[in-house]
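User: Please take a close look at a single part of this model, one strand and what surrounds it, and then say how the rest of the chain should be read alongside it. Which details are worth checking at the bench screen?

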Amino acid sequence: MSSRITCEVRDESPVTVVRVSGALDLGTMRPVHHVLDRCLADQPDALVVDLGAVDVRDRLALSVFAAAARRAADWPAVPFVLCSAPPDALNWLAESTVGRVVPVRRDCAEATRTAGAAAAPRLRARLEPVAGACRRARELVADACGRWNLPELVGPASVVLSELVGNVVRHAGTPMQVTLTLRRSYLQVAVADGSSGAIRPSPGTDLRAEGGRGLLLVRELAQRWGSSPVGDGKVVWAMLPAT
């Protein structure tokens, strides 16, 4: 990280707080982005960024927080809040698209309350790349939908998550982190694995197969889906309407 800027990461469960100190400009925004990206890869329940010790040298550098907030919204689907911005930075945030994308609070205590209150319920599990992983994925869906009273999503979410898990078993061959998150009117399913290889459609079309149903079903059943690099691997997520 640039010696002109530092990021102190504190785990204040359920919220992770990042205190940024030093000069923020177009040259130092990259290391800040790297730290925020790493924090999101750990899937906190919420992320707060404390700007109390930041000297904003270039207002365009504030866009790093909008980019991180968009990433947080897609995956891992966590609240992202800024706080304690100096007066000049606060004005720039209010005038820019960043202020419309990212909530800004007066101090860290208020931001932590805001982020914690907005944290979504989620269910996590670690799966190995074995033949029974798809069956375990379907059990997790049934558990989550039972907890959150979403019986209509058991079928479609099971198909989507089975396909994502099946791709890891067949192509990545690494342990995986499965996360189900209830986001207002959506159920998000996500699978993070240890392979940087892009997710690949299965050539099989047998709907009776254990997994291997193809990304076509994911596209048809999900409102949105996507893939992002995470450390040495990637995460693939999909959102299903929960209405």
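Analyst: **Strand β7 and its surroundings**

Strand β7 (residues 176–183) is largely enclosed by the rest of the structure, because eight of its eight residues are buried. Buried here means under 20% relative accessible area, exposed means over 50%, and partly exposed is in between (1.4 Å probe, protein chains only). Strands (E, at least two residues) and helices (H or I, at least four) are DSSP runs, numbered from the N terminus.

This is a predicted model, in which local features need pLDDT of at least 70 and side-chain atom pairs count only at pLDDT 80 or more, while totals for chains, interfaces and linings use all residues. Residues are numbered from 1 along each chain as its sequence is written, and side-chain values use heavy atoms, with hydrogens and water left out.

The cover on β7 applies to both faces. On one side M176, V178, L180 and L182 are buried, and on the other Q177, T179, T181 and R183 are buried too.

β7 has two pairing partners to look at. Two strands pair if DSSP finds at least two bridges between them. Strand β6 (residues 122–127) pairs with β7 in the antiparallel sense over six bridges, and within that pairing L123 of the chain has L180 in β7 as its bridge partner. Strand β8 (residues 186–193) also runs antiparallel to β7, joined by seven bridges. In that pairing V178 stands opposite V191 of β8. The hairpin of β7 and β8 has two residues between the strands, and R184 takes a positive phi near 50° there.

Other backbone details lie in loops. The peptide bond between S13 and P14 is cis, with omega about 10°, and P14 sits in the loop between β1 (5–12) and β2 (15–24). W75 and P76 are also joined by a cis peptide bond, with omega about 10°; P76 is in the loop between α2 (63–74) and β4 (80–83). S84 is not a glycine but has a positive phi of about 60°, and it lies in the loop between β4 and α3 (87–95). N149, again a residue other than glycine, has a positive phi near 55°. The loop between α6 (133–147) and α7 (154–172) holds N149, which counts as exposed at 62% relative accessibility.

Next come the charged side chains. Side chains of opposite charge can pair when their charged atoms come close. A salt bridge is a side-chain nitrogen of Lys or Arg within 4 Å of a carboxyl oxygen of Asp or Glu, and the count by this rule comes to 15. One of them joins R71 and D37, at 2.2 Å from N to O. This pair links distant parts of the chain, with R71 in helix α2 and D37 in helix α1 (residues 29–41), 34 residues apart. R71 is buried, at 13% relative accessible area, whereas D37 is partly exposed, at 25%.

E12 and R10 form another salt bridge, with the closest N and O atoms 2.9 Å apart. E12 is partly exposed at 32% relative accessibility, and R10 is partly exposed at 25%. In the salt bridge of R57 with D55 the closest N and O atoms are 2.5 Å apart; R57 counts as exposed at 54%, while D55 is partly exposed at 35%. Finally, a network of salt bridges links D45, R122 and R124.
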